[in-house]
Amino acid sequence: KSLEGRYLLINREPARILGKTAEQAQGQDDTAFFPPQQAEMIRANDRRVIVGNKINTYEETLSTVDGERTYQATKGPMRDGDGHVIGLFGISRDITERKQAEAKIHRLTQIYAALSQCNQAIVRCSSEDELFSQICRNAVTFGGMKMAWIGLVDEANQRVKPVASFGDNQDYLAEIPISLNADDPFELGPTSMAIRENQPFWCQDFLNDVCAAAWHESIKRFGWAASAALPLHRKGVVIGAFNLHAGEINAFDEDVRNLLVEMAMDIDYALNSFAQEALRRQAEEALLNSEMRFRQFFNSIADPIFITDMEGRFINVNESACTRLGYSKEELLQMGPADIDTPEFQEKAPE
């Protein structure tokens, strides 16, 4: 590209994803091919290369003829014979599939962590109110959800009454009535469907699903893209629903759904225990089994994984992290990213 950001030379593949021939792309800048925000992102990365006068690598998610794709773009300055920067070059690699696989592993790790915290809450909590509050908090804090809430059926008016929530935009619960009455226009949403049909309801594209039409205007501003509603039971009778809102379309794939169903079953067990005033021994066993499954899954991942607290100290690492860095788990749990004297790690360490 020139210093002004116009393509001087482009090969066939990037021209194809722009929907042009190489000849048509030459002389154009990125505003001709991408939405304004994406074009400005590309131009900002270009300016950093030109001003810094060195090679840099960026991840750029762009709208192409193949849909939204993520590229790893390596860009460097072009210099004339006197060393003056006269433009820049770029080489891009499509890493969309890799990013999707990483995102899936990340989602699963989050849900496993939320499930583990759920079982710990079942052991600790002494009332439904306390448990419901912890479950919602854990779904957001550990599970990566935007917002989570639990609603119970109010038999008197055949509506769902929110009793616990955590996350962004909780005011939404006060704005929208959720009815179980078949004559009410608000009875076709995920929550009421899950309760009436007594099975989980997955809404993978919330803003484009007709089942959530009554809520579209209210949630456009929230950044919610998918939702899930799982019925909750006491002694086998549906009493309400556990509801989750995610920020990505198709956030609830099969593995995530299975884990959330297991979480709902664990909550059902706790509700039965509260009703029967039983000891929590089975919950403690479920906790141990869940922790074991989490450790097995966590340590089976080939890539290093580091989990830090708000102060930046490691609270968990997998075996791959120990092997890669040459520390024992006990040693790493006394450290943080800043304590690891490895440039590669410092570059990739979580913030």
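**Figure 1. Helix α7 and the residue that follows it.** Asn-198 comes after α7 and has a positive phi, near 55°. The model shown in this and the other views is a predicted one. Helix α7 spans residues 190-197, and six of its eight residues are buried, so the helix is largely enclosed by the rest of the structure. The buried residues are Pro-190, Thr-191, Ser-192, Met-193, Ala-194 and Ile-195. They pack against five strands: β4, β5, β6 (201-203), β7 (226-234) and β8.

**Figure 2. Strand β4 and its hairpin with β5.** Strand β4 covers residues 147-154, and seven of these eight residues are buried, which leaves the strand mostly covered. Its partner β5 (residues 159-167) pairs with β4 in the antiparallel sense, over eight bridges. At one of these positions, Asp-154 has Arg-159 of β5 as its bridge partner. The two strands form a hairpin with four residues between them. Gln-158 lies in the turn and has a positive phi of about 55°. Both β4 and β5 are among the strands against which the buried residues of α7 pack.

**Figure 3. Strand β4 beside strand β8.** β4 is also joined to β8 (residues 237-246), by six bridges, and the two strands run antiparallel. Met-147 has His-245 in β8 as its bridge partner. Ala-148 stands opposite Leu-244, also a residue of β8. Strand β8 is mostly covered, with nine of its ten residues buried. Strand β4 is likewise mostly covered, with seven of eight residues buried.

**Figure 4. The hairpin of β7 and β8.** Strands β7 and β8 run antiparallel and are joined by nine bridges. Ala-229 has Asn-243 in β8 as its bridge partner. The strands form a hairpin with two residues between them. One residue of the turn, Lys-235, has a positive phi of about 55°. The buried residues of α7 pack against β7 and β8, among other strands.

**Figure 5. The second largest pocket.** This pocket has a volume of about 750 Å³. It is lined by 29 residues, of which Tyr-7, Pro-14, Gly-90, Ile-91 and Ser-92 are the closest to its centre. The elements that give two or more residues to the lining are two helices, α1 (12-17) and α3 (36-52), and three strands, β1 (56-64), β2 (67-79) and β3 (85-94). β3 gives the most, with seven residues. By class, the lining holds 16 nonpolar, three polar and ten charged residues.

**Figure 6. Val-49 in helix α3.** Val-49 belongs to helix α3, one of the elements that give two or more residues to the lining of the second largest pocket. Its relative accessibility is 0%, so Val-49 counts as buried. Leaving aside neighbours within four places in sequence, Val-49 is in contact with Lys-54, Asn-56, Tyr-58, Lys-75, Gly-76 and Pro-77. Val-85 is 36 residues away along the chain, and the C-alpha atoms of Val-49 and Val-85 are separated by 9.9 Å.

**Figure 7. Gln-117 in helix α4.** Helix α4 spans residues 96-124 and includes Gln-117. The relative accessibility of Gln-117 is 19%; the cut-off for a buried residue is under 20%, so Gln-117 counts as buried. Not counting residues up to four places away in sequence, Gln-117 touches Asn-138 and Phe-142.

**Figure 8. The chain as a whole, for orientation.** The chain has 13 helices and ten strands. Of its 351 residues, 44% count as buried. The chain exposes about 18,900 Å², and carbon and sulfur atoms supply 49% of this area. Among contacts in the chain with a separation of 6 or more, 47% are accounted for by residues 24 or more positions apart.

How values were computed: Residues are numbered from 1 along each chain as its sequence is written. This is a predicted model: local features need pLDDT of at least 70, side-chain atom pairs count only at pLDDT 80 or more; totals for chains, interfaces and linings use all residues. Side-chain values use heavy atoms; hydrogens and water are left out. On a 1 Å grid over the protein atoms alone, a cavity is a set of points where a 1.4 Å probe fits but cannot get out, and a pocket is an open set with protein on both sides within 12 Å along at least five of seven lines; lining residues have an atom within 4 Å of a point. Grid points are joined across faces, edges and corners, and a volume is the space filled by probe spheres set on the points. Ala, Val, Leu, Ile, Met, Phe, Trp, Tyr, Cys and Pro count as nonpolar, Asp, Glu, Lys and Arg as charged, and the others, Gly among them, as polar. Buried means under 20% relative accessible area, exposed over 50%, partly exposed in between (1.4 Å probe, protein chains only). Contact means heavy atoms within 4.5 Å. Accessible areas come from the Shrake-Rupley method with a 1.4 Å probe; for residues, only the protein chains shown count as cover. Two strands pair if DSSP finds at least two bridges between them.
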